Amino acid sequence: MKNKIVGLLMTLGLLSSCKNEAKVENKSESDNNVKIEFTDSNGNKISKEELENSTGTFNYEIYGIEGVSDLAKSLHNQARQFGQTGDYKNAIEKLTQANKEAPNWPYPLYDLAYTYLLQDDYENALKYYQLTDKIAPKGFYTSKKALHTLEREKTGDLQKGLYKSYLSLEWIDNQTDKSEMIKLLVEKFPSFAPAWKEYSSLLEGQERLKAIEKGLEQNPDIETKGMLLINKALALNEYGELENATKILTSVIFDTNSTYGNIEMAKFALNNISQ
């Protein structure tokens, strides 16, 4: 594992908002029943009852799948099997066919982008993440993060290959090795907000809050921004700042740019801290 990390680091050259106020309203429906609502400064409301149905996750597996033919699903499954064996040529062929069969289904486009990324074809990876974003503007898995990062890589704002290396964190099982990689990413690429998000998870207390704030200062993509804000709210709640935490979480829930995943996570977090 050490050798794999060193290889990744060598590839990268690593070895050399709007204010949103929220309030909680208790409305008596009867002598024995109280309705709790969370309301932001724009009048958007969500009830405690609605929050209790949140799980913290959005099921992208079924997102956009309504009306997709069995043929398209079969082609997509075949492509994923080819991809798992490293047969990217056939994977791309099947994914392209699946996209033609179901042009409004984001999954084949998203997997095409990822498959090209694995082959260091950043131009096509960016192209298909852009197409994914076009038909899934509220996000599809990590499409927002990928698109934002690859666009910055293309302009030279970030080093080419950074996003691919960042994804490699998922493949590192050893926590010590993973922590080492995260710290090096933050050190060498301080303007890369996702690295600060990962780094903050290694910290506690005020140090964690500082890392979260640092990430929020780096022009994060909307997906990363949402997670940083959610983590900030949870950290503030630990210090007894329930009101500020609630404001932050409602701002994520009602932000029209928030991803579906962020909204569900924010709902879940707000439900938990308001117990």
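User: Starting at E264: buried or exposed?

Analyst: Buried. E264 has a relative accessible area of 18%, and the cut-off for buried is under 20%. One caution up front: this is a predicted model.

User: Which side chain does E264 meet in a salt bridge?

Analyst: K267. The N to O distance is 3.8 Å.

User: How are K267 and E264 placed in helix α14?

Analyst: They sit three residues apart in helix α14, which covers residues 260-273, so about one helical turn separates them.

User: How many salt bridges does the structure hold?

Analyst: There are 10 salt bridges. Side chains of opposite charge can pair when their charged atoms come close.

User: Let's take R80. What does the side chain of R80 meet in a salt bridge?

Analyst: D111, at 2.8 Å from N to O. This pair links distant parts of the chain. R80 belongs to helix α3 and D111 to helix α5, and their positions lie 31 residues apart in the count along the chain.

User: And R80, how much relative accessible area does it have?

Analyst: R80 has 34%, so it is partly exposed.

User: What about D111, buried or exposed?

Analyst: D111 is buried, because its relative accessibility is 9%.

User: Next one. What does K232 form a salt bridge with?

Analyst: K232 pairs with E213. Their closest N and O atoms are 2.5 Å apart.

User: Where do K232 and E213 lie?

Analyst: K232 is in helix α12 (residues 222-238), and E213 is in helix α11 (residues 205-216). The pair therefore ties together parts that are 19 residues apart in sequence.

User: Is K232 buried or exposed?

Analyst: K232 is buried, with a relative accessible area of 18%. Its partner E213 is partly exposed, at 30% relative accessibility.

User: Switching to rings. How many aromatic pairs does a search of the whole structure find?

Analyst: It finds 19 aromatic pairs. One of them is Y60 with Y141, a tilted pair. Their centres are 5.0 Å apart, with 40° between the planes.

User: Where do Y60 and Y141 lie?

Analyst: Both are in loops. Y60 is in the loop between α2 (48-51) and α3 (70-84). Y141 is in the loop between α6 (122-135) and α7 (143-155). So the pair ties together parts that are 81 residues apart in sequence.

User: How does Y60 count, buried or exposed?

Analyst: Y60 counts as buried, at 8% relative accessibility. Y141 is partly exposed, at 27%.

User: What kind of aromatic pair do Y110 and Y129 form?

Analyst: An edge-to-face one. The centres are 6.0 Å apart and the planes make an angle of 75°. Y110 is in helix α5 and Y129 in helix α6, 19 residues apart, so this pair also links distant parts of the chain. Y110 and Y129 are both buried.

User: Which residues form the one aromatic cluster?

Analyst: F58, Y60, Y63, W105, Y107, Y110, Y129, F140, Y141 and Y260. There is a charge to add at Y260. K138 lies over the face of that ring, 5.8 Å from the ring centre.

User: New topic: helix α10. How many of its eight residues are buried?

Analyst: Six. Helix α10 runs over residues 193-200, and with that many buried residues it is largely enclosed by the rest of the structure. The buried ones are A193, P194, A195, W196, K197 and S200.

User: What covers the buried residues of α10?

Analyst: The cover includes α7, α8 (162-167), α9 (175-188), α11 and α12.

User: Where is the place of A102?

Analyst: A102 is in the loop between α4 (88-101) and α5 (106-118). It is buried, at 7% relative accessibility.

User: What is A102 in contact with, leaving aside its neighbours within four places in sequence?

Analyst: V68 and A72. The C-alpha atoms of A102 and S69 are separated by 7.3 Å, although the two residues are 33 apart along the chain.

User: Zoom out. What does the secondary structure of the protein come to?

Analyst: It comes to 14 helices and three strands. Of the 275 residues, 46% are buried.

User: What does the accessible surface come to?

Analyst: About 14,500 Å². Carbon and sulfur atoms account for 46% of that surface.

Key. Residues are numbered from 1 along each chain as its sequence is written. This is a predicted model: local features need pLDDT of at least 70, side-chain atom pairs count only at pLDDT 80 or more; totals for chains, interfaces and linings use all residues. Side-chain values use heavy atoms; hydrogens and water are left out. Helices (H or I, at least four residues) and strands (E, at least two) are DSSP runs, numbered from the N terminus. Buried means under 20% relative accessible area, exposed over 50%, partly exposed in between (1.4 Å probe, protein chains only). Accessible areas come from the Shrake-Rupley method with a 1.4 Å probe; for residues, only the protein chains shown count as cover. Contact means heavy atoms within 4.5 Å. Rings of Phe, Tyr and Trp (its six-membered ring) pair if their centres lie within 6.5 Å; planes under 30 degrees apart count as stacked, over 60 as edge-to-face and the rest as tilted. A charge sits over a ring if NZ of Lys or CZ of Arg is within 6 Å of the ring centre and within 35 degrees of the ring normal. A salt bridge is a side-chain nitrogen of Lys or Arg within 4 Å of a carboxyl oxygen of Asp or Glu.
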